[in-house]
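Morning, everyone. I'll take one structure today and walk through it in order. Please have the viewer open.

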Amino acid sequence: MIVYGIYESPIGPITVASEDNVITMLDFCNCTEKNFIRNEEFKDLFERLDSYFRGNRVEFYDIPVKYPMNPFRARVFKEIRKLRWGEIKTYGMIAERLGTSPRAIGMALSKNDILLLIPCHRVVAENGIGGYSRGILIKRKLLELEGIKL
DNA sequence: CCATAGGTGCAAC
DNA sequence: GTTGCACCTATGG
């Protein structure tokens, strides 16, 4: 059974979904049309988000998430998840590690719908910030929170 | 299949 | 600065 939670972050509402205590989605949008809103089920996560958006070092890597069926994306996402708070790598570095190309990494990351928990914002381009499916303003803000200026 | 498009990178001018 | 191309995956005909 899927339940949803809405979190009001300083940079906009976040909708999170979980099924059997595994997070299946976390995105910057306000999906209030969803039924089954149970914010109390996300108490631990929301407290971490409070601290995170206050600028503290908060890790999310121990929270169970659902990886995609697509094996390539699952491989990329698991690799990205090793990145800790404030740690960044380039598309090229990830690609080399996985034996693929930087563009393929970008393609996979654009399909990430569990933001923050799968920290695709910590993957940047060789020459600059790179892209972000929800807009680079959000990416820049997240990196700023983690003490990174580009 | 073939064409085209990405959250890229690199070399060349 | 910019143009051009190789790179791998995704998507649509």
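One definition before we start. Two residues are in contact if their C-beta atoms, placed from the backbone, lie within 7 Å. With that cut-off, take Cys120. Setting aside neighbours within four places in sequence, Cys120 is in contact with Ile80, Leu109 and Asn112. Keep in mind that this is a predicted model.

Why begin with Cys120? An unreviewed UniProt entry carries the annotation "active site", and that annotation covers Cys120. The annotation may be inferred rather than shown by experiment. Where is Cys120? It is in the loop between H4 and strand S5, residues 123-124. Is Cys120 buried or exposed? Cys120 has 26 other C-beta atoms within 10 Å, so it is buried. The threshold for that is 20 or more.

Now the whole chain. Chain A contains five helices and five strands. In sequence order the pattern reads β-β-β-α-α-β-α-α-β-α. The C-alpha trace spans about 40 × 35 × 25 Å along its principal axes. What about the radius of gyration? For 150 residues, a compact globule would come out near 15 Å; chain A has 15 Å, so the two agree. Buried residues account for 25% of the 150 residues. As for contacts in chain A, take the pairs at least 6 apart in sequence. Of those, 56% join residues at least 24 apart.

Next, domains. The assignment for chain A gives domain 1, residues 2-53, and domain 2, residues 71-145. Their centres, taken over C-alpha atoms, are separated by 21 Å. The contact takes eight residues from domain 1 and nine residues from domain 2. Which elements of domain 1 give two or more residues to the side that touches domain 2? Strand S3, 22-27, and helix H1, 43-53. S3 provides the largest share of that side, four residues. By residue class, the domain 1 side has seven nonpolar, no polar and one charged.

On to the DNA. Start with strand C. Around DNA strand C we find Asn70, Phe72, Arg73, Thr100, Ser101, Arg103, Ala104 and Met107. Two elements give two or more residues here: helix H2, 71-80, and helix H4, 102-109. H4 gives the most, with three residues. The classes divide into three nonpolar, three polar and two charged.

Then strand B. How many residues surround DNA strand B? There are 20, and the closest are Tyr91, Gly106, Ser110, Ala125 and Gly131. Helix H3, 91-98, and H4 are the elements that give two or more residues to this surface. H4 again has the largest share, here six residues. The strand B surface divides into nine nonpolar, nine polar and two charged. So H4 is the element to highlight in your viewer: it leads near strand C, and it leads near strand B.

Back to helix H2 for one residue, Glu79. Glu79 has 18 C-beta neighbours inside 10 Å, so it counts as partly exposed. Leaving aside neighbours within four places in sequence, Glu79 is in contact with Ile94, Arg97 and Leu98. One distance for your notes: Glu79 and Ile118 are 39 residues apart in sequence, and 9.3 Å apart in space, C-alpha to C-alpha.

Last item: backbone angles. Most residues other than glycine have a negative phi. Two residues here have a positive value. Asp20 has phi near 55 degrees. Leu116 has phi near 65 degrees. Both sit in loops. Asp20 lies between strand S2, 12-19, and S3. Leu116 lies between H4 and S5, the loop that also holds Cys120. Which of the two settings is buried, and which exposed? Asp20 has 10 C-beta neighbours inside 10 Å, so it counts as exposed. Leu116 is buried, because 22 other C-beta atoms lie within 10 Å.

To recap, briefly. Cys120 carries the UniProt annotation and is buried. H4 has the largest share of the surface near strand B, and gives the most near strand C. S3 has the largest share of the domain 1 side that touches domain 2. That's my slot. Over to the group.

Notes: Residues are numbered from 1 along each chain as its sequence is written. Chains are lettered from A and ligands numbered from 1 in the order in which they are written. This is a predicted model: local features need pLDDT of at least 70, side-chain atom pairs count only at pLDDT 80 or more; totals for chains, interfaces and linings use all residues. A residue is near a molecule or strand if its C-beta atom, placed from the backbone, lies within 6 Å of it. Ala, Val, Leu, Ile, Met, Phe, Trp, Tyr, Cys and Pro count as nonpolar, Asp, Glu, Lys and Arg as charged, and the others, Gly among them, as polar. The radius of gyration is taken over C-alpha atoms; the globule rule is 2.2 Å times the number of residues to the power 0.38. A residue is buried if 20 or more other C-beta atoms lie within 10 Å of its own, exposed if 12 or fewer, and partly exposed in between; C-beta atoms are placed from the backbone. Domain bounds come from an automatic or database domain assignment.
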